[in-house]
Amino acid sequence: MAKFQPTSVGKLENDYDVVVIGSGGTGLSAAIQANELGMKVAVLEKEEELGGNTNRASSGMNAAETNVQLHHGVIDNVADFYRETYKDGGRLNDKDMLGYFVYHTAPAIDWLSDHGIKLDDITVTGGMSKKRTHRPASMTPIGGFLVKSLLDVVAKEEIPVFNKTKVIKLRQAEDGRVNGVEVNADGITKIINAKAVILATGGFGASKEYIKRFRPDLESYKTTNQPGATGDGLKLAENVGAELMQMNLVQVHPTVQQDNPHVYLIGEAVRGEGAILVNGEGKRFVNELNTRKIVSNEITALPEHSAYLVFDQGIRDRAKAIEFYDKVGLVVHGDTIEDLAKKINVDPSNLQQTVNTWNKAVEEHNDTEFNRTTGMDRGITKPGFFAIHIAPAIHYTMGGIHITPKTQVLDGNGDIIKGLFAAGEVAGGLHGNNRVGGNSIAETIVFGRQAGQQVTLYARSL
């Protein structure tokens, strides 16, 4: 299928029922849902490239009690999904949002499937006891697959998507209702009226200004975010009185290749399929599938502040993103474990011993060293052998706009700002102090759909 073509700015109309700001998974899901419920929708994206940070997602989409899980023999429970996510988030998650989220993940998988977007394979990420990370059967990284697939639906439904169109202001009626936006496109400022506006602008992981304001200790860290993740939606919302919450909660992702100017996130699925982490001595030092917070802290505590992901051809066959990492030159190759050890400058006998011990743990399904219980379907036994050098980097911002589970935006008094909705990474509260891998893609679909439904109810009430 031909590459999706954004609508020309000349076709931007003066009036819509719903304006969606941002073209990632959240914005596209919201636009499709609202459009299918009879709303006249426009999607506005400031960057040239569509898809935002969703493009960079690699592991998958978490969901519990799905038919896909049952096809793979996995018996899961939504209550377990809730409990584990709440614990992994340091019990700081908004319980109402989390409850809505976990119970709407399986319907979100079905909704995608109804649109021809099939996530038929499953894997596991850190902090989860079961395989609930859904991904395409081809095992391609979820992000690009999802953006392309959702844009295909958008094209079919003839929803206009305008790129290089920056929203500079939310407009308000005299009673405080948000009733439109002011945009800048091609150097021209234009006012667009709307019954409701959805902020789906992503987080602030690439904003030096916000990181400095809320987490000065991370100012020198590199980021996995696309350049547009600068917190624009937060500024727009703050300017109409929205409350920001938990802004100090910034996730550092443990496995990021950052030896080159371009930073590459190495998806959690690589560990989920069986990779281990070793330090400068060639020894394991952590349960690789603990929460991102714990794994990142353990890597930072090493003398070298970095580590190596080690895996074999068997694991590589199950994590297709590795083909891309290899193509861009991130993967070190070895014919044997000893050969690999020499290439990454670790003690060959240590690394061999580490791999042997790990393979025995996999065989007996008993990791006596670090109590890992997931991502143990296969050992590191099949030649060749590979390593990727990684270190932690800023990845995700758990804090953001304070919203209700209906995606309504709240002000500092806890009152709803009428006509304004927010979903996805721009909103705070769902993840607590640590986001579980696979939950952000699920959030984009679950709360994108919710925003699309809620703006429709709101617009119908006017």
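The largest cavity of this predicted model encloses about 660 Å³ of space. Its lining is made up of 50 residues, and those nearest the centre are Gly-52, Asn-53, Thr-54, Gly-202 and Glu-425. By class, the lining has 29 polar, eleven nonpolar and ten charged residues. Helix 15 (439-461) is among the elements that supply at least two residues each, together with helix 1 (25-36), strand 7 (165-172), helix 8 (232-238) and strand 16 (385-397). Helix 15 contributes the most, with four residues.

In total the structure holds two cavities of 30 Å³ or more. The second largest has a volume of about 60 Å³. Its lining includes Ser-58, Arg-135, Met-139, Lys-320 and Tyr-325. Helix 9 (269-272) and helix 12 are the elements that give two or more residues to this lining, in which seven residues are nonpolar, three polar and two charged.

Helix 12 also takes part in the largest pocket, where its three residues form the largest share of the lining. The space in this pocket comes to about 530 Å³. Of its 21 lining residues, Asn-55, Arg-56, Ala-57, His-262 and Phe-324 are the closest to the centre. Two or more lining residues come from strand 12 (264-265) and from helix 12 (321-327). The lining has ten nonpolar, eight polar and three charged residues.

Arg-135, in the lining of the second largest cavity, also belongs to a strand pairing: in strand 5 it is the bridge partner of Asp-121. Strand 4 and strand 5 (residues 133-135) run antiparallel and are joined by three bridges. They belong to an open sheet of three strands with antiparallel pairing and the order 3-5-4. Strand 3 (61-62) and strand 4 (121-123) each have a single partner strand, so one side of each lacks a neighbour in the sheet.

How values were computed: Residues numbered from 1 in each chain as written. Predicted model: local features only at pLDDT ≥ 70, side-chain atom pairs only at ≥ 80, totals over all residues. Heavy atoms only, no water. 1 Å grid on protein atoms, 1.4 Å probe; cavity = no way out; pocket = protein on both sides within 12 Å on 5 of 7 lines; lining within 4 Å. Points joined across faces, edges and corners; volume = space filled by probe spheres on them. Nonpolar A, V, L, I, M, F, W, Y, C, P; charged D, E, K, R; others polar. Pairing = 2+ DSSP bridges.
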